[in-house]
Amino acid sequence: MSQVKDKDTIKVHYTGKIASNGQVFDSSLEREPLEFTLGEGMLIPGFEKGVIDMKVNEKKTIEIAKDDAYGDVRDELFQKVDKEHLPKEVEPKVGMGLVSQNPDGTERQLRVAEVKDDHIVVDANHPLAGHDLTFDLEVVEIKS
(Lines give C-alpha, C1' and ligand atoms only; values in the text may rest on other atoms or scores of the structure.)
Protein backbone atom coordinates (compact mmCIF):
# COMPACT_ATOMS: atom_id res chain seq x y z
CA MET A 1 0.00 0.00 0.00
CA SER A 2 1.26 3.44 -0.94
CA GLN A 3 2.47 5.86 1.73
CA VAL A 4 2.71 9.65 1.61
CA LYS A 5 6.15 10.90 0.60
CA ASP A 6 7.75 14.20 -0.41
CA LYS A 7 6.40 15.66 -3.70
CA ASP A 8 3.16 13.62 -3.49
CA THR A 9 -0.10 15.47 -4.02
CA ILE A 10 -2.53 14.32 -1.37
CA LYS A 11 -6.01 15.01 -0.07
CA VAL A 12 -6.47 15.10 3.68
CA HIS A 13 -9.31 15.82 6.07
CA TYR A 14 -8.21 17.63 9.22
CA THR A 15 -9.41 19.28 12.36
CA GLY A 16 -7.02 21.84 13.84
CA LYS A 17 -7.10 22.74 17.54
CA ILE A 18 -5.12 24.97 19.87
CA ALA A 19 -3.20 22.46 21.99
CA SER A 20 -3.52 24.32 25.30
CA ASN A 21 -7.32 24.45 25.38
CA GLY A 22 -8.63 22.19 22.59
CA GLN A 23 -10.41 25.05 20.81
CA VAL A 24 -11.09 24.10 17.18
CA PHE A 25 -9.87 26.82 14.81
CA ASP A 26 -10.45 25.05 11.48
CA SER A 27 -11.79 21.81 10.07
CA SER A 28 -12.34 20.36 6.60
CA LEU A 29 -14.92 17.80 7.75
CA GLU A 30 -17.91 19.81 6.46
CA ARG A 31 -16.27 20.60 3.11
CA GLU A 32 -13.89 19.14 0.56
CA PRO A 33 -10.62 17.72 1.91
CA LEU A 34 -7.50 19.87 1.68
CA GLU A 35 -5.41 19.06 -1.41
CA PHE A 36 -1.75 20.02 -1.52
CA THR A 37 1.65 18.88 -2.79
CA LEU A 38 4.26 18.13 -0.14
CA GLY A 39 7.45 20.13 -0.33
CA GLU A 40 5.95 23.24 -1.95
CA GLY A 41 5.85 25.11 1.37
CA MET A 42 2.14 25.90 1.15
CA LEU A 43 1.45 24.58 4.66
CA ILE A 44 3.16 24.91 8.02
CA PRO A 45 6.19 22.59 8.30
CA GLY A 46 4.75 20.51 11.14
CA PHE A 47 1.62 19.66 9.13
CA GLU A 48 3.68 18.45 6.16
CA LYS A 49 5.97 16.40 8.43
CA GLY A 50 2.92 14.91 10.14
CA VAL A 51 1.44 13.33 7.01
CA ILE A 52 4.68 11.69 5.80
CA ASP A 53 4.37 7.88 5.71
CA MET A 54 0.59 7.91 6.26
CA LYS A 55 -1.53 5.58 4.12
CA VAL A 56 -4.94 6.21 2.50
CA ASN A 57 -7.74 6.05 5.12
CA GLU A 58 -5.21 6.19 7.95
CA LYS A 59 -6.13 8.52 10.81
CA LYS A 60 -3.81 10.00 13.39
CA THR A 61 -3.42 12.96 15.71
CA ILE A 62 -0.27 15.06 15.57
CA GLU A 63 1.09 17.71 17.91
CA ILE A 64 2.87 20.65 16.29
CA ALA A 65 5.10 22.90 18.38
CA LYS A 66 4.70 26.62 17.65
CA ASP A 67 8.17 26.64 16.04
CA ASP A 68 6.88 24.24 13.35
CA ALA A 69 3.61 26.18 13.06
CA TYR A 70 3.35 29.98 13.11
CA GLY A 71 6.22 30.75 15.49
CA ASP A 72 6.29 33.11 18.44
CA VAL A 73 4.31 36.31 18.72
CA ARG A 74 6.68 39.01 17.44
CA ASP A 75 6.53 42.40 19.17
CA GLU A 76 7.71 44.22 16.05
CA LEU A 77 4.47 43.20 14.31
CA PHE A 78 2.43 45.45 16.62
CA GLN A 79 2.02 48.97 15.29
CA LYS A 80 0.32 52.13 16.50
CA VAL A 81 -2.06 53.73 13.97
CA ASP A 82 -3.64 57.12 14.52
CA LYS A 83 -7.42 56.93 14.21
CA GLU A 84 -7.33 59.76 11.65
CA HIS A 85 -5.74 57.25 9.21
CA LEU A 86 -8.71 54.87 9.46
CA PRO A 87 -11.68 55.08 7.10
CA LYS A 88 -14.39 57.25 8.70
CA GLU A 89 -16.95 54.42 8.66
CA VAL A 90 -14.69 52.08 10.67
CA GLU A 91 -15.40 51.90 14.40
CA PRO A 92 -12.44 49.83 15.68
CA LYS A 93 -12.99 47.18 18.33
CA VAL A 94 -10.45 44.82 19.92
CA GLY A 95 -10.28 41.60 17.88
CA MET A 96 -11.66 43.20 14.72
CA GLY A 97 -9.93 42.23 11.50
CA LEU A 98 -8.53 44.90 9.21
CA VAL A 99 -6.73 44.75 5.88
CA SER A 100 -3.78 46.96 5.03
CA GLN A 101 -2.25 47.39 1.61
CA ASN A 102 1.52 47.04 1.35
CA PRO A 103 3.55 49.32 -0.96
CA ASP A 104 3.83 46.46 -3.49
CA GLY A 105 0.03 46.15 -3.69
CA THR A 106 -0.26 42.96 -1.66
CA GLU A 107 -2.61 42.89 1.31
CA ARG A 108 -1.79 42.14 4.93
CA GLN A 109 -4.32 40.85 7.46
CA LEU A 110 -4.29 42.73 10.77
CA ARG A 111 -6.17 42.47 14.06
CA VAL A 112 -7.00 45.34 16.37
CA ALA A 113 -5.11 44.66 19.62
CA GLU A 114 -5.90 47.89 21.51
CA VAL A 115 -8.24 50.86 21.08
CA LYS A 116 -7.29 54.21 22.64
CA ASP A 117 -8.92 57.64 22.31
CA ASP A 118 -6.67 58.86 19.48
CA HIS A 119 -5.07 55.67 18.13
CA ILE A 120 -5.32 51.91 17.82
CA VAL A 121 -2.66 49.22 18.01
CA VAL A 122 -2.80 46.64 15.23
CA ASP A 123 -1.26 43.18 15.33
CA ALA A 124 0.12 41.68 12.11
CA ASN A 125 1.06 38.34 13.73
CA HIS A 126 -0.76 35.28 12.45
CA PRO A 127 -3.72 34.63 14.79
CA LEU A 128 -2.19 31.26 15.73
CA ALA A 129 1.31 32.62 16.44
CA GLY A 130 2.52 31.64 19.89
CA HIS A 131 0.38 28.49 20.03
CA ASP A 132 1.25 24.81 19.88
CA LEU A 133 -1.32 23.08 17.66
CA THR A 134 -3.01 19.68 17.45
CA PHE A 135 -4.36 18.22 14.21
CA ASP A 136 -6.57 15.19 13.72
CA LEU A 137 -5.69 13.91 10.24
CA GLU A 138 -7.11 11.43 7.75
CA VAL A 139 -5.45 10.85 4.39
CA VAL A 140 -8.21 10.50 1.78
CA GLU A 141 -6.15 10.18 -1.43
CA ILE A 142 -2.53 9.99 -2.58
CA LYS A 143 -1.69 11.07 -6.13
CA SER A 144 1.97 10.14 -6.61
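Below, a biologist asks about a predicted model and a modeller replies.

Biologist: Why is Phe 47 called buried?

Modeller: Buried means under 20% relative accessible area. Phe 47 has 4% relative accessibility, so Phe 47 counts as buried.

Biologist: What makes Phe 135 buried or exposed?

Modeller: The cut-off for buried is under 20%. Phe 135 is at 6%, so it counts as buried.

Biologist: How many aromatic pairs does a search of the whole structure find?

Modeller: The search finds 5 aromatic pairs. One of them joins Phe 36 and Phe 47.

Biologist: Why is the pair of Phe 36 and Phe 47 called edge-to-face?

Modeller: Ring centres must lie within 6.5 Å, and planes over 60 degrees apart count as edge-to-face. Here the centres are 5.9 Å apart and the planes make 70°. Both tests are met, so the pair is edge-to-face.

Biologist: What does that pair tie together?

Modeller: Phe 36 lies in strand β3 and Phe 47 in helix α1, so the pair ties together parts that are 11 residues apart in sequence. Both residues are buried.

Biologist: How do you know that Phe 47 and Phe 135 form a pair, and of which kind?

Modeller: The limit for centres is 6.5 Å, and edge-to-face needs over 60 degrees. Phe 47 and Phe 135 give 5.0 Å centre to centre and 85° between the planes. The pair is therefore edge-to-face. Phe 135 sits in strand β9 and Phe 47 in helix α1, so this contact ties together parts 88 residues apart in sequence.

Biologist: Which residues do ring pairs link into a cluster?

Modeller: The cluster holds Tyr 14, Phe 25, Phe 36, Phe 47 and Phe 135.

Biologist: Now the loop between α1 and β4. Why is Asp 53 called partly exposed?

Modeller: Partly exposed lies between the 20% and 50% cut-offs. Asp 53 has a relative accessible area of 47%, so it is partly exposed. Its phi is near 75°, a positive value in a residue other than glycine.

Biologist: What makes Asn 57 exposed?

Modeller: Exposed means over 50%. Asn 57 has 55%, so it is exposed. This residue is also in the loop between α1 and β4. It has a positive phi of about 75° although it is not a glycine.

Biologist: Where is Asp 118, and why does it count as exposed?

Modeller: Asp 118 is in the loop between β7 and β8. At 52% relative accessibility, against a cut-off of over 50%, it therefore counts as exposed.

Biologist: Which residues gather in a patch of negative charge on the surface?

Modeller: Asp 82, Glu 84, Asp 117 and Asp 118 do. Asp and Glu count as negative, so the patch is a negative one.

Technical notes:
Residues are numbered from 1 along each chain as its sequence is written. This is a predicted model: local features need pLDDT of at least 70, side-chain atom pairs count only at pLDDT 80 or more; totals for chains, interfaces and linings use all residues. Side-chain values use heavy atoms; hydrogens and water are left out. Patches are made of residues with over 30% relative accessible area and no salt bridge: like charges are joined within 9 Å, nonpolar side chains (Val, Leu, Ile, Met, Phe, Trp, Tyr) within 5 Å. Accessible areas come from the Shrake-Rupley method with a 1.4 Å probe; for residues, only the protein chains shown count as cover. A salt bridge is a side-chain nitrogen of Lys or Arg within 4 Å of a carboxyl oxygen of Asp or Glu. The place of a charge is taken as NZ of Lys, CZ of Arg, CG of Asp or CD of Glu. Helices (H or I, at least four residues) and strands (E, at least two) are DSSP runs, numbered from the N terminus. Buried means under 20% relative accessible area, exposed over 50%, partly exposed in between (1.4 Å probe, protein chains only). Rings of Phe, Tyr and Trp (its six-membered ring) pair if their centres lie within 6.5 Å; planes under 30 degrees apart count as stacked, over 60 as edge-to-face and the rest as tilted.
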